[in-house]
Amino acid sequence: MKRIILPIAILFIIAGCTTKTSEEIKWYKNEQKAIEEGLKDEGLKNKDILGKVKENGEEFIFYKQDNEDGVAVSVASIGRENDKYAFYNIDSYVQVKDNRNKNYSSEINWETHTQSDKNFIAYTGTIKGKKNYSIQTQLGLVTPYINKDTGIYYYIEPIK
């Protein structure tokens, strides 16, 4: 009996740890609707979008969430399949601004992947008053995109 229970328990654990399947992803007729519904599911609006980036055949949406501690950022990719679009977000938020410490400056990066299983590194953080700003990535020194309203920068590149 113990020989049967252990494999079944392991199977349930593995099944519970898998990522979203194509059936669980919500697909829409156009990209804009996918973005709107994805943001709505996150409790956000279009004004929370920091920017869009196209990289290595993928499109990414960086967006922010204001919270009581400050501002957090996440990224989603736009999946495409059979002429339909999906807002594919598997990442948690990262805190980039701290309301308790106005001098808080962040530089954060993390691995992410798309619905099509491509791997990327996302970079984000804050800047203050700098017009020309560069960050160090795995590929070298680059100029990130900067949302002028928030002072939050964002950048994404494929993992090499």
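Here is a short exchange about strand β3, its neighbours and the aromatic rings of this predicted model.

Reader: Why is strand β3 described as largely enclosed by the rest of the structure?

Author: Good place to start! Buried means under 20% relative accessible area. Of the 12 residues of β3 (residues 70-81), 10 are buried, so the strand is largely enclosed by the rest of the structure.

Reader: What makes β2 and β3 a pair of strands?

Author: Pairing asks for at least two bridges between the strands. Strand β2 (residues 58-67) and β3 are joined by 8 bridges, and they run antiparallel; therefore they count as a pair. One of the contacts sets Gln-65 against its bridge partner Ala-72 in β3. A hairpin of 2 residues links β2 to β3.

Reader: How do you know that β3 pairs with β4?

Author: The same cut-off helps here: at least two bridges are needed. There are 5 between β3 and strand β4 (residues 84-88), in the antiparallel sense, so the two strands pair. Ile-78 stands opposite Phe-87 in β4. These strands also form a hairpin with 2 residues between them, and Asn-82 in that turn has a positive phi of about 50°.

Reader: And what makes β5 a partner of β3?

Author: Strand β5 (residues 94-98) has 4 bridges to β3, again antiparallel. With at least two required, β5 therefore qualifies as a partner. Here Ala-72 stands opposite Gln-95.

Reader: Which residues form the aromatic cluster?

Author: Phe-62, Tyr-123, Tyr-145, Tyr-154 and Tyr-155 form one cluster. Rings pair if their centres lie within 6.5 Å, and the structure holds 8 aromatic pairs.

Definitions and conventions. Residues are numbered from 1 along each chain as its sequence is written. This is a predicted model: local features need pLDDT of at least 70, side-chain atom pairs count only at pLDDT 80 or more; totals for chains, interfaces and linings use all residues. Side-chain values use heavy atoms; hydrogens and water are left out. Rings of Phe, Tyr and Trp (its six-membered ring) pair if their centres lie within 6.5 Å; planes under 30 degrees apart count as stacked, over 60 as edge-to-face and the rest as tilted. Buried means under 20% relative accessible area, exposed over 50%, partly exposed in between (1.4 Å probe, protein chains only).
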